[in-house]
Amino acid sequence: MDIEQKQADLIDHFVKQASALQGSALCPLIAEATSNTSLFAFSEILAIPSVLQLEGTSNSVYLDVLRLFAHGTWSDYKRNAGCLPQLVPEQVLKLKQLTVLTLAETNKVLPYDQLMQELDITNVRELEDFLINECMYAGIVRGKLDQLRRCFEVQFAAGRDLRPGQLGSMIHTLSNWLATSDNLLMSIQEKIKWADSMSELDKKHRKEVEDRVEEVKKSLSLKLQTVSRPTLTSEGMRRSTLNLVE
């Protein structure tokens, strides 16, 4: 089973379970979902009415945890650790994996120093092991470890849940990209037309040159024929006349 299908199946599983639960019964389910080693998307669970109804209750911290895993990073957790339940090791690992995905959204070359700071990793060996074993083997990122430049070159990164307001920004970015693509396409089409017109002019000019060459050849041929035809000199004409008289 590929990672996308497994993700979809897990989302469907947790959505069905959450839809059948209320109040404090949702807390262990949220902990289970955020600890699952193969689940990296949480917006569908967040959208369930019973989950949203945790807001303002004694269990609202679990809604905050779910939002953290949908949109946040390890640094976000550290800043708000006093207001959130303590994470279990599986959740810590998951949040650090999600942090790498967030960093990869905006930069395809991630310096080791930045990654170590964001992930609370103290040395390069530990960082590279984390990127290989917990990120690349998990299928959420692909890339190249560059030890010489001390950076991770991202070739692919799985997308995270859209943050509130991010959809509008994404639509604006895509609209700008579409407008730029349209302008580029028009420019290419104009260049093709110009190239076609230049080609036609070139063909026309070539035909004119070829016609002129043929004319010159014909003219030279006529001149050569005229020069090579035998002519009578005045002496030859006189002798011819005497011969006739005799």
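Below are short exercises on this predicted model, each with a worked solution.

Residues are numbered from 1 along each chain as its sequence is written, and side-chain values use heavy atoms, with hydrogens and water left out. In this predicted model, local features need pLDDT of at least 70 and side-chain atom pairs count only at pLDDT 80 or more, while totals for chains, interfaces and linings use all residues.

**Exercise 1. The overall plan**

Find how many helices and strands the protein has, and their pattern along the sequence.

Solution.
- Take the elements as DSSP runs: helices are H or I with at least four residues, strands are E with at least two, numbered from the N terminus.
- Count them: there are 11 helices and three strands.
- Read along the sequence: the pattern is α-α-α-α-α-α-α-β-α-α-β-β-α-α.
- Now take burial, where buried means under 20% relative accessible area, exposed over 50%, and partly exposed in between (1.4 Å probe, protein chains only).
- Of the 246 residues, 29% count as buried.

**Exercise 2. The sheet**

Work out the order of the strands and which of them stand at the edges.

Solution.
- Use the pairing rule: two strands pair if DSSP finds at least two bridges between them.
- Three bridges join β1 to β3. Six bridges join β2 to β3.
- The order is therefore β1-β3-β2, in an open sheet with antiparallel pairing.
- β1 and β2 stand at the edges with a single partner strand each, so one side of each has no neighbour in the sheet.
- Neighbouring strands are turned by 25° against each other on average, direction ignored. Axes here are lines fitted to C-alpha atoms, for helices over the stretch in contact, and angles run from 0 to 180 degrees between N-to-C directions.
- Locate two facing pairs: L110 stands opposite F152 in β3, and G143 stands opposite V154 in β3.
- Look at the hairpin of β2 and β3: four residues lie between the strands, and R150 takes a positive phi near 55°.

**Exercise 3. Helix α8**

Identify the buried residues of α8 and explain why they line one face.

Solution.
- α8 spans residues 112–119, and Y112, L115, M116 and L119 are buried.
- Seen down the axis, these buried residues fall within an arc of 100°, so they line one face of the helix. The arc is that of the directions from the helix axis to the C-beta atoms.
- The general rule helps: an α-helix has 3.6 residues a turn, so residues three or four places apart point the same way.
- Check the partners by contact, meaning heavy atoms within 4.5 Å. The buried residues pack against α6 (74–79), α7 (89–106), β1 (109–111), α9 (124–136), β2 (141–146) and β3 (151–157).
- D120 follows α8, and its phi is positive, near 60°.

**Exercise 4. An aromatic pair**

Classify the pair of F42 and F69, and say which parts it ties together.

Solution.
- Apply the cut-offs: rings of Phe, Tyr and Trp (its six-membered ring) pair if their centres lie within 6.5 Å; planes under 30 degrees apart count as stacked, over 60 as edge-to-face and the rest as tilted.
- The whole structure gives two aromatic pairs.
- In F42 and F69 the ring centres are 6.1 Å apart and the planes stand at 70°, so the pair is edge-to-face.
- F42 lies in the loop between α2 (26–35) and α3 (43–46), and F69 in helix α5 (residues 60–71), so the pair ties together parts 27 residues apart in sequence.
- Both F42 and F69 are buried.
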